[in-house]
Amino acid sequence: MEKYMDYLLDQLQKIMAIDSPSGYTSDVIHYLASELDNLGFSSLHTIKGGLIADLGGTDKKNALVIGAHADTLGAMVQEIKSDGRLKISNIGGLDANNIETENVTVVTKFNGNYEGTCQLCNASLHVNGTYDDTSRSFDTVEIVLDEPVFSKDAVEKLGICTGDYICFDPRTKITKSGYIKSRFLDDKLSVAIILAYAKYLSDEKIIPERKLYAYFSVYEEVGHGAAASMPDGITESLNIDMGCVGEGLECNEHKVSICAKDSAGPYNYDMVTNLILAAKKSGAAYSVDIYPHYGSDVEVTLRAGYDIRHALIGPGVYASHGYERSHKDGVLSTLKLLQGYIG
């Protein structure tokens, strides 16, 4: 699977460059549909905005879906302040503590895009004597537009309105030593992994024994991504999301993590067991972990009433929901595990 890493990393950088906070995802979904078409796979746009690709396979009564979410964290304009600054309403688990000084794009509905920066209110250290003592929250950070606007009226004349999206610069970088650093590796790294696996199937002309689908959801970060539109015949859903890295966990950026349990409860015992066996057989560097503050898209599928088995794997990602970091080793191990599990 090593020969697909260049393609995977190229696709990752292209996907990262397409802003896609939850609810503003049509551009990235259309890109994925086009790329899958280039690989020879048909796909279906769901009414909700997601994408389901048919990756082939013969056993339609024992179908498997591999899923990742294409939506990211982000924000909306909550209020245009009297001084022309913008108050933020977060989308998903965006945290005010780690967005300060990030560059942003404000996407208007009818008047194009505008650049700006997220800053602490009264951000000049030479002026603000309480800078270090100020708790960062969505009441104390704001968007400063890169436009000569100093009033609410001036901002409104630009066409910026309440409800416009605020997209954060991912700052994607791949180092010489193989580390992958970016915002929104959760979960665009997994999206790129699925694309690379699809290319492997296409290039090698492999027809899976089981019917296989790829599901790219678009509302995972707000809790209802894969709640609908599962294809007929599904018996298993394997979610690919970030593997958590932190204190008390065995996973690091060089491994693929197999999640046994998260905040919602245990994953399917048989699938977890078979994933461990597949990891050993394929030579993937892996860990088995419990994530204490984590919930996944596939659990939403179960809550929606689907009678399926479920599991979760992912490349190790550090600093989740911040400026995240993974490594090519963990990505490759995730690809190996997919190959070993699906066959």
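**Exercise 1. How many salt bridges does the count come to by the rule used here?**

Solution. Start with the rule: a salt bridge is a side-chain nitrogen of Lys or Arg within 4 Å of a carboxyl oxygen of Asp or Glu. The count comes to 15 salt bridges. One network of salt bridges links K81, R85 and E142.

Ground rules for this predicted model: local features need pLDDT of at least 70, side-chain atom pairs count only at pLDDT 80 or more, and totals for chains, interfaces and linings use all residues. Residues are numbered from 1 along each chain as its sequence is written, and side-chain values use heavy atoms, with hydrogens and water left out.

**Exercise 2. Place the salt bridge of E102 and R171 in the chain, then classify both residues by burial.**

Solution. Step one: the distance, N to O, is 2.6 Å. Step two: E102 sits in the loop between strand 5 (86–91) and strand 6 (103–107). R171 sits in the loop between strand 9 (165–168) and strand 10 (173–174). The pair is 69 residues apart and links distant parts of the chain. Strands here are DSSP runs of E, at least two residues; helices are runs of H or I, at least four; both are numbered from the N terminus.

Step three: apply the cut-offs. Buried means under 20% relative accessible area, exposed over 50%, and partly exposed in between (1.4 Å probe, protein chains only). E102 has 6% relative accessibility, so E102 is buried. R171 has 37%, so R171 is partly exposed.

**Exercise 3. Do the same for R309 and E236.**

Solution. Their side chains meet in a salt bridge of 3.1 Å, N to O. R309 lies in strand 18 (residues 309–317) and E236 in strand 13 (residues 234–240). They are 73 residues apart. R309, at 31% relative accessibility, is partly exposed. E236, at 7%, is buried.

**Exercise 4. Work out how K199 and D203 are spaced in their helix.**

Solution. Both belong to helix 4 (residues 185–203). They are four residues apart, so about one helical turn separates them. Their closest N and O atoms are 3.3 Å apart, in a salt bridge. D203 is partly exposed, at 38% relative accessible area.

**Exercise 5. Describe how helix 5 packs on helix 7.**

Solution. Helix 5 (residues 269–282) and helix 7 (residues 328–342) pack at about 115°, with axes 8 Å apart. That makes helix 5 roughly perpendicular to helix 7 (65 to 115 degrees counts as roughly perpendicular, under 35 as roughly parallel, over 145 as roughly antiparallel, the rest as oblique). The contact (heavy atoms within 4.5 Å) includes M271 and L275 of helix 5 and L337 and Y341 of helix 7.

Conventions
Axes fitted to C-alpha atoms, helices over the stretch in contact; angles between N-to-C directions.
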